[in-house]
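Work through the exercises below with the sequence and the structure open. Each task is followed by a solution in steps.

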Amino acid sequence: MASRSDPVTGLKGVGPARAKQLANLNIFTLGDLICHFPRGYEDRTKLVPIAELRADTPACFRAVVMSTPRTAHIRKGMDLTRVTVADYSGRINLTFFNSKFAAEALQYGGEYIFYGTVSGDYGGYGITNPVFETPDSPPAATRRIMPIYPLTAGLNNGTLTKLISLALALCDPPEEIIPAEIRQEFDILPAETAYQVIHNPKTMAEAQAAKRRLIFEEFFVFSAGLSLMRAARAEKKVSAYAHTDLTPFYESLPFALTNAQKRAIREILGDLQKGTPMNRLVQGDVGSGKTMVAAAAAYCAYLNGFQTALMAPTEILAEQHYESLGKLFAPLGLHTVLLTGSQTQKEKRMAREALSSGEAHIVVGTHALISESTVFANLGLVITDEQHRFGVDQRGRLSAKGHDPHILVMSATPIPRTLALLMYGDLDVSVLDELPPGRQKVDTFLVGESYRARINAFIRKQAEAGHQCFVVCPAVEENQELDVKAAAAWAETLRKTVFPDLRVSLLHGQMKGAEKEAAMAAFARGEADVLVATTVIEVGVDVPNATLMVIEDADRFGLSQLHQLRGRVGRGSAKSYCILTTHNRNEDTIRRLKALCATNDGFKIAEEDLKLRGPGDFFGSRQSGLPAFRVADLSLDMTTLRDAQQASKEWIERFGQSDTKEARALRERVAALFARAEGTMN
Ligand code: ADP
Ligand code: MG
């Protein structure tokens, strides 16, 4: 027996070249081979009479070779082998390109099983490059359900299939981590069966059952991991906050809190008084007032003698939080400092000194907060804004600067509940399901290029009324291929030819931190009428005087991202608008964008987005902090996810403390999964 950790080079037929191809697929060991799952199957079990072969429908058939294969040299590097085969129902021509193998193997009068697709290509009706084997050979490429694997250049499906079955025959499958009781309850195949069957199912139903087991397993490991983390935290003891009267804070606010804000704050205060570390997610649509909830928590930490760190995903956002919190807290006696990467060395040093001496009560910052040189006198509360942009490890590294500090996570992306459970399964959740009064719906329109003149006139009208306008483009530099409006070029056009009399400024992610800040701050002060930007403005920036958001090539963005962008307007009292432009005529695209025009409800939009694009796109190209699932598809496998969550809960209750081989294997898998997730996260 070989071990799963043995290198693939030990397999027959795997030399350096093949090993390199396998490495392209992240396959290094026999275990990796076994875990290289099919992306689908082709049912090649049925044999079809030649007369019933249909164009463009791949099929298997049994036939006799009726002519000696003839090979013609067409041109340099191109040999064509032709042969005619027949069964009782009819005959058909086969064509092979550069196949010395076919030319030599196919014998006149011999009988073979073929698999291929009839087409009218390459000089007449026939089949090009069918696979074939003799009827007495064991089914390898015909007469079976063929797994279809993700491939790489030089490595075909047949070869990979062979290598995987070799590996399966040589070593034990990964060990069982789901106890029999739980497998039975949730109708889950044993690991051993599942790994064999996924690569070589006898029926499609069998393949489905094996796939379900593996998906279940992935979710189960993840979910058990979150539960273990939660359980570990519940055992930790921290000082229970005794002072929770926030009256001075409430009285200093220029507005009354919404009921949703009050409820969330109540829940937070409840956590802080418990004596175990808080781990709470505050989830609310754009503009629902999450910052005030965070501020209340920070104020409470201050009352109890603890410091708070608020980490934002961008400098612009950190700056803005610093401004507003600083103003709010100064009269209450709290000292707020800012810490970002683009500050001068001296500014950073002073902020850090204030933190380590305890003179500063609150720090607002970016990743700079995580840096080694940031030391806290008494960090009690860690708040992260727009959490899905941070990985679990970053949250963790900031927390490590305190002694089990309380954790508050704020997410502006309304994440569908199912997915929230998965991403934040270790968190308690408060939902802000109410907007502050006076907020109005942002009227949203989808238009084509023929509306350009009207869009421009509308921008001008807003500017003349003293309001401001965002124009968002998907990319920074002209990219012919994508044909998107590059922000820089577009700003130039607007400035020079369309609005020579208006103040047009530019903001994009490739500008230096200080430049970005300056551009944003100037716009917030009303020093520009039109701000052309990339999605750097997506998060958090508050410019109440902005009443129009034009999003160019809106089809390039995800729905949730568009909703987030749209949330940048409608923050003041004036009526606000959002115009989406697109050249795209694709029906699905139009339907997607129209969904955004129809509703301002972020949760509905998020559900729609998840349905249409799946979670990978849903969170954008940035890492979501979720581990990459090998088999599971988050948008499709929600039922299995719920089952696995239920199962992991039962597991914790029944086996959480046990020390069986299975339980140890599961803990190991959990550790490996989270290590892998962290490795891919920055
Ligand atoms: P988000 O949830 O998107 O982070 P913010 O916390 O930035 O929202 O709040 C958006 C705006 O609403 C801010 O200008 C904030 O001062 C204001 N705001 C927050 N809570 C209230 C409230 N209860 N009443 C009125 N305005 C509020
Ligand atoms: Mg916010």
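**Exercise 1. A loop residue after strand 5**

Locate N98 in the chain, give the sign of its phi angle, and decide whether N98 is buried, partly exposed or exposed.

Solution. The model is a predicted one.
- Step 1: N98 belongs to the loop that runs between strand 5 (90-97) and helix 3 (100-105).
- Step 2: Phi of N98 is positive, about 45°, although N98 is not a glycine.
- Step 3: The relative accessibility of N98 is 46%. Partly exposed covers the range between buried, under 20%, and exposed, over 50%, so N98 counts as partly exposed.

**Exercise 2. A second loop residue**

Do the same for D404.

Solution.
- Step 1: The loop that holds D404 lies between helix 13 (392-399) and strand 16 (406-411).
- Step 2: D404, a residue other than glycine, has a positive phi near 45°.
- Step 3: With a relative accessible area of 31%, D404 is therefore partly exposed.

**Exercise 3. The ligand site**

Find where ligand 1 sits, list the closest residues, and describe its polar contacts with A256, K290 and R571.

Solution.
- Step 1: The site of ligand 1 is the largest pocket.
- Step 2: Ligand 1 is surrounded by 16 residues, and the closest are G287, K290, T291, R439 and D542.
- Step 3: From A256, a backbone N or O atom is 2.9 Å from a nitrogen atom of ligand 1.
- Step 4: K290 places a polar side-chain atom 2.7 Å from an oxygen atom of ligand 1.
- Step 5: For R571, a polar side-chain atom and an oxygen atom of ligand 1 are 3.5 Å apart.
- Step 6: Ligand 1 on its own exposes 560 Å², and the protein buries 81% of that area.

**Exercise 4. The chain as a whole**

Summarise the secondary structure, burial, contacts and accessible surface of the protein chain.

Solution.
- Step 1: The protein chain has 22 helices and 23 strands.
- Step 2: Of its 682 residues, 53% are buried.
- Step 3: Take the contacts with a separation of 6 or more; 73% of them join residues 24 or more positions apart.
- Step 4: The protein chain has an accessible surface of about 30,900 Å², and carbon and sulfur atoms contribute 52% of it.

Notes: Residues are numbered from 1 along each chain as its sequence is written. Chains are lettered from A and ligands numbered from 1 in the order in which they are written. This is a predicted model: local features need pLDDT of at least 70, side-chain atom pairs count only at pLDDT 80 or more; totals for chains, interfaces and linings use all residues. Side-chain values use heavy atoms; hydrogens and water are left out. Helices (H or I, at least four residues) and strands (E, at least two) are DSSP runs, numbered from the N terminus. Buried means under 20% relative accessible area, exposed over 50%, partly exposed in between (1.4 Å probe, protein chains only). Contact means heavy atoms within 4.5 Å. Accessible areas come from the Shrake-Rupley method with a 1.4 Å probe; for residues, only the protein chains shown count as cover. A residue is near a molecule or strand if one of its heavy atoms lies within 4 Å of it. A polar contact is a pair of N or O atoms within 3.5 Å; within protein, one must be able to donate a hydrogen and the other to accept it, and residues adjacent in sequence count only if both atoms are side-chain atoms. On a 1 Å grid over the protein atoms alone, a cavity is a set of points where a 1.4 Å probe fits but cannot get out, and a pocket is an open set with protein on both sides within 12 Å along at least five of seven lines; lining residues have an atom within 4 Å of a point. A molecule sits in a cavity or pocket if more than half of its atoms lie within 2 Å of its grid points.
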